Amino acid sequence: KGDGKARSQIFHAQMDIDYHYRQRLKADLREAVQHGGLTLTFQPLVDIATRKVVACEALARWDHPELGLVAPSTFIPLAEEMGLISQITEWVIGTAIAQCSAWPGAVSVAVNISARDFRGVDLMAVIEEALARCGLAPSRLEIEVTETAVIEEHDIAKRLLTALAAKGVAIALDDFGTGYSSLSYLHALPFTKLKIDRSFVADIASDEKSLQLLANVARLGRDLDLIVVAEGVETEAQLDMVLEHTKVQQVQGYFFSRPLPARDIAELIGRLNAP
Ligand code: C2E
Ligand code: CA
Ligand code: CA
Ligand code: CA
């Protein structure tokens with residue numbers, strides 16, 4: 001019982017480490033963003049019927065010189081907190097569009113947008129400028145937003161997404177099923193694609209109820225005329241279940257490929273999409 005004080009000292013020591021670690025990460029992140037320390041990887045979205053790559057999602061990577069890879073789930077929230085996210089988003093959009101314009105065929109590129117981005121830079125201007133610079137059609141770009149982001153910034157999000165959709169940019173609702181899943185804004189906003197979160201896929205090969213749930217969510221998306229994507233397909237057994245028992249049209253996940261550096265994704269597209 002007498003160890004309360006010791007425990008609280010340990011607790012405070014841990015908080016100190018966390019605090020100093022975060023301060024260091026923040027300083028180093030600012031440096032990385034300003035001096036080209038981030039890279040992009042790309043993960044394919046595969047059409048389940050043709051097995052061709054239809055799009056690739058751009059995913060940011062930070063390889064810290066001493067700490068190694070820092071996960072985006074760590075540095076993206078830090079960047080949001082620091083007001084650095086719009087700078088990152090602007091760079092992601094420019095880099096992703098430039099890569100996409102070099103891919104064979106009509107493969108699209110998908111970019112993630114944070115809630116903070118709606119109030120940051122003029123995204124419309126950034127996107128139009130990047131598309132024009134690379135001569136890429138707006139229909140080759142997909143913007144991924146989460147439910148949380150569109151709810152937090154509903155009016156601004158609606159205005160921007162509607163304007164982008166009018167230009168022909170595809171708008172995807174990301175991580176569907178993990179947020180509020182309020183169906184009312186599904187058709188109040190100009191979504192063209194529904195990405196079902198990977199938690200709905202994880203158990204489908206072993207659990208009949210999970211499979212039914214995924215099938216029902218996919219049907220909901222199709223009834224709303226959305227392209228439906230299943231995220232996190234890791235095994236052939238999961239792929240078979242999706243193919244045979246759901247109306248999902250596209251899959252993304254480790255089964256087809258992990259996120260790859262730009263060079264490797266171009267090679268993978270060339271191989272999978274060869275006639
Ligand atoms: P997300 O947008 O849902 O991206 C998909 C995440 O799932 C990626 O994690 C990807 O590597 C992972 N994933 C793909 N297939 C599988 C699979 O079969 N199994 C499992 N277990 N995971 C799979 P990642 O790259 O670590 O990114 C995590 C999150 O960080 C992203 O989730 C996104 O919300 C955010 N993020 C990444 N890059 C950016 C960016 O450039 N901008 C913004 N705003 N957010 C980003
Ligand atoms: Ca995403
Ligand atoms: Ca997702
Ligand atoms: Ca996610």
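In this predicted model, an oxygen atom of ligand 1 lies 2.9 Å from an N or O atom in the side chain of Arg-61. Two further side chains make polar approaches to ligand 1. In Gln-43, a polar side-chain atom is placed 3.0 Å from a nitrogen atom of ligand 1, and in Glu-57 a polar side-chain atom is 3.2 Å from an oxygen atom of the ligand. Taken alone, ligand 1 exposes 800 Å², of which the protein buries 82%. The space that ligand 1 takes is the largest pocket.

The shell around ligand 1 is made up of 20 residues, and the closest are Gln-43, Arg-61, Arg-198, Glu-234 and Tyr-254. By residue class, the shell divides into eight nonpolar, five polar and seven charged residues. Strand S2 (53-64), helix H2 (72-82) and strand S6 (170-176) are the elements that give two or more residues to this shell. The most is given by S2, which contributes four residues.

The model also contains calcium ions, described here in turn. The calcium ion designated ligand 2 is coordinated at 2.1 to 2.3 Å by Glu-57 (OE), Asn-112 (OD1), Glu-144 (OE) and Asp-174 (OD). Glu-57 thus appears both among the donors of this ion and in a polar approach to ligand 1. Along the chain, the donors of ligand 2 follow the spacing E-x54-N-x31-E-x29-D. Distant parts of the chain are linked at this site: Glu-57 belongs to strand S2 and Asp-174 to strand S6, and the pair is 117 residues apart.

The calcium ion designated ligand 3 has as its donors Asp-174 (OD), Asp-175 (OD), Glu-231 (OE) and Glu-231 (OE), at 2.2 to 2.6 Å. The spacing of its donor residues in sequence is D-D-x55-E. Here too, distant parts of the chain are linked, with Asp-174 in strand S6 and Glu-231 in the loop between strand S8 (227-230) and helix H8 (236-245), 57 residues apart. Ligand 3 and ligand 2, both calcium ions, are separated by 3.9 Å, and Asp-174 coordinates both.

For the calcium ion designated ligand 4, the protein donors are Asp-175 (OD) and Asp-175 (OD), lying 2.9 to 3.0 Å from the ion. Asp-175 lies in strand S6. The calcium ions ligand 4 and ligand 3 are 3.9 Å apart, and Asp-175 coordinates both. Strand S6 therefore recurs in the description of these sites: Asp-174, in strand S6, is shared by ligand 2 and ligand 3, while Asp-175, also in strand S6, is shared by ligand 3 and ligand 4.

How values were computed
Residues numbered from 1 in each chain as written. Chains lettered and ligands numbered in written order. Predicted model: local features only at pLDDT ≥ 70, side-chain atom pairs only at ≥ 80, totals over all residues. Heavy atoms only, no water. Near = heavy atom within 4 Å. Polar contact = N/O pair within 3.5 Å; in protein donor to acceptor, adjacent residues only side chain to side chain. Areas by Shrake-Rupley, 256 points an atom, 1.4 Å probe, with all protein chains shown as cover. 1 Å grid on protein atoms, 1.4 Å probe; cavity = no way out; pocket = protein on both sides within 12 Å on 5 of 7 lines; lining within 4 Å. Sits in = over half its atoms within 2 Å of the grid points. Nonpolar A, V, L, I, M, F, W, Y, C, P; charged D, E, K, R; others polar. Donors = N, O, S within 2.8 Å, 3.2 Å for Na, K, Ca; no water.
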